[in-house]
Amino acid sequence: MGDLEELLRGTAAGERLPLARLLTAIENDAPGLRDLLPQLFAAGHGGHLVGITGPPGSGKSTLVNALTEEWRRRGRRVGIVAVDPSSPYTGGAIMGDRIRMMEHAADRDVFMRSMASRGELGGIASATWMAAAALDAAGYDPILIETVGAGQSEVEIARLAETTVVVEVPEMGDEVQAIKAGLLEVADLLVVNKGDRPGADLAARHLRAMLSTAGGRVGRKPPPIMVTTATSGEGVAALADAIEAHRSSARTPEQATARARNQVRRALADLALRRASAGPSWDVTVDAVAARELDPISAAERLLDEDAT
Amino acid sequence: MDDARSTPIRVLIAKPGLDGHDRGAKVLARGLRDEGFEVIYTGLRQTPEMIVDAAEQEDVDVIGMSILSGAHMALLPRVVELSKSRGMDDVLIAAGGIIPDADVAKLKASGIAEVFGPGTSIGQIAAYFREHARKRA
């Protein structure tokens, strides 16, 4: 596996295999990784962290590919982490996000890594965050995190990013979908992709109308809504501009604090779960809940208190 | 499961060359997923350079290539060569598809670990990968 510090040195020097192996160590929560974290974060260059999420089939991968092309044209080095779900039954996963990225496979200034979510216990949000830190240490900027926006944990990954892009399609549904809580609420930029399909402009208008009303997003301005056709590249340069324009507003002290709060909250939850589930009373306590002798909240309290002593 | 490792084995499934379809590769990818592997699928018409670049970034334990076109002698040893030149000596490289028996020995001599012909079950391939993929800490 190699010494982790050596991997970090290679990563910071721009070598690709050490970066790849460092990412594996992060995914596997390898022994010694905790000790490396301060150095890993100190090695960052402040690359712009961009989350890209949305329902399956909305064209996220194709859009990431098109954005990568645009940023390469602008001379930027692009890092990508693409997260796909693991099977809860076998732990296996199929990651197909590279299919649309293969034209960049040989480009030394693009680095893409596929990650399987590996279930909640692994703390995918933390692993994704550390993976982004590794790409940052390697000098990639921007760093794109692509997730399937199907569940709460994916929304959470997106919330760790500085700029969150939510990708929808024209057939996303009626106006009520736009005022439901969830994905649309966390968007800093909202994209209606597949803009060549009938109804794309209408969908964008609906979204604009719904999200501009006061009930849409408490205390936040409605996000810019853009129409792209990732397959042809239409609207992609404008989207790249909008993402870059958002960078400065994401870096105000208030935004930085809000993001840090999310990160610490997430890390704390992961850590508490990890420790408690590795502790001696985990099985007994879970069994007690199964036997209805204990309620789940008292069980959690008991595990936390035990860990603290 | 192999008790030597607690993390899933990462496999890149690739289609080198100009094959017209990838049904076999997709069936295998799906089957390996069900066997608990993390499978990265890269799609059709890959050059050896693209395959090795992807394998490097993904830090896979195994590269599995499916090829039907007859260009295996031109493409597969090149993948081995490139992998070694990048320092990926410990990556298991295997092939499957339509490969004449006469070429199997030559491919193995070039560094292809195993060649799986028609009729091989996914279980056999999974067992082989589990046994021969590098062990991680």
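**Asking what the labels rest on**

Colleague: Why is A:R9 called partly exposed?

Modeller: A:R9 has 15 other C-beta atoms within 10 Å. Buried takes 20 or more other C-beta atoms (placed from the backbone) within 10 Å, exposed takes 12 or fewer, and partly exposed is in between, so a count of 15 makes A:R9 partly exposed. A:R9 sits in helix α1 of chain A. Its C-alpha is 42 Å from that of A:P222, with the two positions 213 residues apart along the chain.

Modeller: Bear in mind that this is a predicted model: local features need pLDDT of at least 70 and side-chain atom pairs count only at pLDDT 80 or more, while totals for chains, interfaces and linings use all residues. Residues are numbered from 1 along each chain as its sequence is written, and chains are lettered from A and ligands numbered from 1 in the order in which they are written.

Colleague: What makes α4(A) mostly covered?

Modeller: Ten of the 14 residues of α4(A) are buried. Among them are A:L63, A:V64, A:L67 and A:W71. The cover includes β1, β2, β4, β5, β6 and α10 of chain A.

Colleague: What span does α4(A) have, and what is expected?

Modeller: Helix α4 of chain A (residues 60-73) reaches 20 Å from first to last C-alpha, close to the 20 Å expected at 1.5 Å a residue. The expected span is 1.5 Å times one less than the number of residues. After α4(A) comes A:G75, with a positive phi near 80 degrees.

Colleague: Which domains does chain A have, and what joins the first two?

Modeller: The domain assignment gives domain 1 (1-42), domain 2 (44-250) and domain 3 (266-308). Twelve residues of domain 1 of chain A are in contact with twelve of domain 2 of chain A; contact needs C-beta atoms, placed from the backbone, within 7 Å. On the domain 1 side, α1, α2 and α3 of chain A each give two or more residues. α2(A) gives the most, with six residues. By class, that side has eight nonpolar, two polar and two charged residues.

Colleague: How many residues of chain A are in contact with chain B, and what supplies them?

Modeller: 28 residues of chain A are in contact with 29 of chain B. On the chain A side, α2, β3 and β4 each supply at least two residues. Here α2(A) gives the most, with six residues. The side divides into 16 nonpolar, eight polar and four charged residues.

Colleague: What makes β3(A) and β2(B) a pair?

Modeller: Three bridges join these parallel strands. DSSP has to find at least two bridges for strands to pair, so three bridges make them a pair. At one of these places, A:A93 has B:E38 as its bridge partner in β2(B).

Colleague: Which strands make up the open sheet, and why are two of them edges?

Modeller: The six strands run in the order β3(A)-β2(B)-β1(B)-β3(B)-β4(B)-β5(B), with parallel pairing. β3 of chain A and β5 of chain B each have a single partner strand, so one side of each is left without a neighbour in the sheet. On average, neighbouring strands are turned by 25 degrees against each other, direction ignored.

Notes
Domains from an automatic or database assignment. Helix = DSSP H or I, 4+ residues; strand = E, 2+ residues; numbered from the N terminus. Nonpolar A, V, L, I, M, F, W, Y, C, P; charged D, E, K, R; others polar. Axes fitted to C-alpha atoms, helices over the stretch in contact; angles between N-to-C directions.
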